[in-house]
Amino acid sequence: MTDPDAPYHAHIYYDPAERPAAAALREAFGRDPAILFVGAMADGAAGPHPIAQYEVHFLARSRDAVVAAIEATGLRALVHPLTDDDLADHTSLAHWIGAPVELDVSVLDPPGVNRGIPRFGVSDF
């Protein structure tokens, strides 16, 4: 994706011991004007994500800074664009930080139909 205004997500994963670090990163993202939306911390499964996580929304132009901020914490994350292919977004187009988490891809939309934004979060990109 070369469009600097293309929408992106990052899903930051955490376990109970990592929750304070995840909360601190979430708070920092909430103060960052480049972050368009910071989701609530979901302490259980949500959508295709089988473990605790929260999401942040941003534009492609901020991807490197978002990735660097996540990497600095040592937390695991899935960073992906938002296209019309929900499955590809979470698999072939995704970038993992740390050990990948096995996603439940059965809940993702088929190619050409991406209801992910309105179904799981904010839709005002």
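This passage walks through the fold of one protein chain, from its overall layout to its sheet, helices and core. The model is a predicted one.

Starting with the broad picture, the protein chain contains four helices and five strands. Read from the N terminus, these elements follow the pattern β-α-β-β-α-β-α-β-α. Of the chain's 125 residues, 40% count as buried. The exposed surface of the protein chain adds up to about 6300 Å², and carbon and sulfur atoms supply 56% of that area. Contacts also reach across the sequence: taking those between residues at least 6 apart, 62% join residues at least 24 apart.

Next comes the sheet. Its five strands form an open sheet in the order β2-β3-β1-β4-β5, and the pairing is antiparallel. β2 and β5 sit at the edges, each pairing on one side only. From one strand to the next, the twist averages 20°. In the pair made by β1 and β4, the strands run in the antiparallel sense and share six bridges. To spot this pairing in the structure, look for H9, which stands opposite H80 in β4.

Two helices can be followed onto this sheet. α1 packs on it by touching β1, β2 and β3, and the direction of α1 makes about 25° with that of β3. α2 packs on the sheet too, touching β1, β2, β3, β4 and β5, with its direction at about 30° to that of β5.

Helix α2 is worth a slower look. Spanning residues 63–73, α2 has V66, V67 and I70 as buried residues. Viewed down the axis of α2, these buried residues fall within an arc of 95°, so they line one face of the helix. On the face turned away from that buried side, α2 carries the exposed residues D64, A65 and A72. What do the buried residues of α2 pack against? Their partners are the strands β1 (7–13), β2 (35–38), β3 (53–59), β4 (76–81) and β5 (95–97), along with the helix α1 (19–31). Just after α2 ends, G74 takes a positive phi of about 80°.

Then there is the nonpolar interior. The largest nonpolar core has 22 residues, and I12, F29, Y54 and I70 are the ones with the most contacts inside it. This core draws at least two residues from each of β1, α1, β3, α2 and β4. F29 shows how such contacts add up: leaving aside neighbours within four places in sequence, F29 is in contact with I12, I35, V38, Y54, V56, V66, A69 and I70. Apart from the largest core lies another, made of five residues, among them L78, A94, V101 and L103.

Finally, a residue outside the helices and strands deserves a mention. L82 lies in the loop between β4 and α3 (86–90). Is L82 buried or exposed? Its relative accessibility is 12%, and the cut-off for buried is under 20%, so L82 counts as buried. L82 also illustrates how the chain folds back on itself in space: L82 and A6 are 76 residues apart in sequence, yet their C-alpha atoms are 7.6 Å apart.

Key. Residues numbered from 1 in each chain as written. Predicted model: local features only at pLDDT ≥ 70, side-chain atom pairs only at ≥ 80, totals over all residues. Heavy atoms only, no water. Buried < 20%, exposed > 50% of the residue type's maximum accessible area, 1.4 Å probe, protein only. Arc of directions from axis to C-beta. Contact = heavy atoms within 4.5 Å. Areas by Shrake-Rupley, 256 points an atom, 1.4 Å probe, with all protein chains shown as cover. Pairing = 2+ DSSP bridges. Axes fitted to C-alpha atoms, helices over the stretch in contact; angles between N-to-C directions. Core = buried A, V, L, I, M, F, W, Y, C linked by side-chain atoms within 4.5 Å.
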